[in-house]
Amino acid sequence: MTTQELVGQIYKKQSFLCIGLDVDLHKMPKHLLDAKDPIFEFNKAIIDATHHLAVAYKPNTAFYEAYGIKGWQSLQKTIQYLNSNYPDIFTIADAKRGDIGNTSTMYAKAFFEDMEFDSVTVAPYMGKDSVEPFLAFKNKHTILLALTSNQGAFDFQTKEVEGKELYKQVLETSIAYKNSENLMYVVGATKAEYLSDIRKIVPNSFLLVPGVGAQGGNLKEVCKYGLNTQVGLLINSSRGIIYASNDADFAKSAASKALELQEEMKQILEEIK
Ligand SMILES: O=C(O)c1cc(=O)[nH]c(=O)n1[C@@H]1O[C@H](COP(=O)(O)O)[C@@H](O)[C@H]1O
């Protein structure tokens, strides 16, 4: 999917919500555990109930890898289901990859070609030759970790290197990479106060913002500093939506939570019109 198509979907649905499919067998409704593929059945129900309220879905691969080959099969079925039934949805493989060049190319093939995701999250630590292989794929997006939502972000990302915080170095350096138009960045919702500085460096880039909901990030705060002329934000919530309840009506409860966020987003989009 191109960035323009994503922006079109955001205006059409009046939503820049991304729903995180971080599926945990211990948290899903018990009746689904009897299904042949409980993870896929859970995802399918959530997607069917929420697709009109969200523009993106983000399965975090850890939640699938943890179940071995069966988990990978559930992930594959989920992306195939999304691509066949809801082709206008932007898909994110949250895998946080990145390695020497030839290895990164294989990671990129896995998520862009084999699984046909629109994007993948990538760690910038190994630098240019570890990121550029992902950027070489046309109409695919590489979402680079810039300033993450967790406490550990202060260990390295906000530390100054040659007089400038590391996350700013990541932004400034990566915009000079080949095919950098295919870059987006992760900025945690819990770090909203950094967004005006971030927007000075990457005014036009899309930002994936996780941390709203279970981690306590605030949507309005993020929008105040993070919106750009093309909206430029994908706000992710995982646990706050998909585990809204664990009874038979779990998908309906998830849709109510998603609707709350979408209504807030709609209002914000109207305000900036
Ligand atoms: O790359 C991510 O998506 C990510 C980056 C970050 O800084 N913080 C963060 O929470 N995430 C992911 O976003 C999701 C957040 O989930 P909830 O806290 O349940 O909404 C998880 O899949 C995290 O791995």
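1. A residue is buried if 20 or more other C-beta atoms lie within 10 Å of its own, exposed if 12 or fewer, and partly exposed in between. Lys220 has 10 other C-beta atoms within 10 Å, so this lysine is exposed. Lys220 belongs to helix α10, which spans residues 219-226. The C-alpha atom of Lys220 is separated by 8.4 Å from that of Glu264, a residue 44 positions away along the chain. The model is predicted, and the points below should be read with that in mind.

2. The barrel. The model has 8 strands that close into a barrel, and the order is β1-β2-β3-β4-β5-β8-β9-β10 with parallel pairing. Neighbouring strands of this sheet are turned by 30 degrees against each other on average, direction ignored.

3. The annotated domain. The UniProt record, an unreviewed entry, carries the annotation "domain: Orotidine 5'-phosphate decarboxylase" for residues 16-254. Over residues 16-254, helix accounts for 39% of the chain and strand for 18%. The C-alpha atoms at the two ends of this stretch are 16 Å apart.

4. Strand β1. Which strands does β1 pair with? Strand β10 is one partner, joined to β1 in the parallel sense over 3 bridges. Strand β2 (residues 56-58) is also joined to β1 by 3 bridges, and these two strands run parallel as well. Ile19 takes part on both sides: the bridge partner of Ile19 in β10 is Ser237, and in β2 the bridge partner is Tyr57. As for the side chains, Leu17 and Ile19 point one way from β1, while Cys18 and Gly20 point the other way. These four residues are all buried.

5. Strands β3 and β4. Strand β3 (residues 90-97) pairs with strand β4 (residues 119-122) in the parallel sense, over 3 bridges. The bridge partners include Ile92 with Ser119 of β4 and Ala93 with Val120 of β4. Are the faces of β4 covered or open? Both faces are covered. Ser119 and Thr121 lie on one side, Val120 and Val122 on the other, and all are buried.

6. Lys96. UniProt lists Lys96 under "active site", again from an unreviewed entry. Lys96 sits in strand β3. Is Lys96 buried or exposed? Lys96 falls in between, as partly exposed, because 16 other C-beta atoms lie within 10 Å. Leaving aside residues up to four places away in sequence, Lys96 touches Thr121, Ala123 and Leu145. One of these contacts, Thr121, is among the buried residues of β4.

7. The ligand shell. There are 20 residues around the ligand, and those that come nearest are Asn60, Thr148, Pro210, Ser238 and Arg239. The elements that give two or more residues to this shell are β10 (233-237) and α11 (239-242). By residue class, the shell holds 3 nonpolar, 14 polar and 3 charged residues. Strand β10 therefore appears in two roles here, as a contributor to the shell and as the parallel partner of β1.8. Positive phi values. Two residues other than glycine have a positive phi, and each is described in turn. Phi of Gln14 is near 50 degrees. Gln14 is found in the loop between α1 (3-13) and β1 (17-20), and counts as partly exposed because there are 17 C-beta neighbours inside 10 Å. Val231 has a phi of about 75 degrees, a positive value although Val231 is not a glycine. Val231 lies in the loop between α10 and β10. With 21 C-beta neighbours inside 10 Å, Val231 counts as buried.

9. Helix α1. Gly8 is found in helix α1. Gly8 is partly exposed, since 14 other C-beta atoms lie within 10 Å. How far is Gly8 from Ile47 in space? The two C-alpha atoms are 20 Å apart, for a sequence separation of 39 residues.

Conventions: Residues are numbered from 1 along each chain as its sequence is written. This is a predicted model: local features need pLDDT of at least 70, side-chain atom pairs count only at pLDDT 80 or more; totals for chains, interfaces and linings use all residues. A residue is near a molecule or strand if its C-beta atom, placed from the backbone, lies within 6 Å of it. Ala, Val, Leu, Ile, Met, Phe, Trp, Tyr, Cys and Pro count as nonpolar, Asp, Glu, Lys and Arg as charged, and the others, Gly among them, as polar. UniProt positions are given in the numbering used here, feature names are shortened, and annotations may be inferred rather than shown by experiment. Two strands pair if DSSP finds at least two bridges between them. Axes are lines fitted to C-alpha atoms, for helices over the stretch in contact, and angles run from 0 to 180 degrees between N-to-C directions. Two residues are in contact if their C-beta atoms, placed from the backbone, lie within 7 Å.
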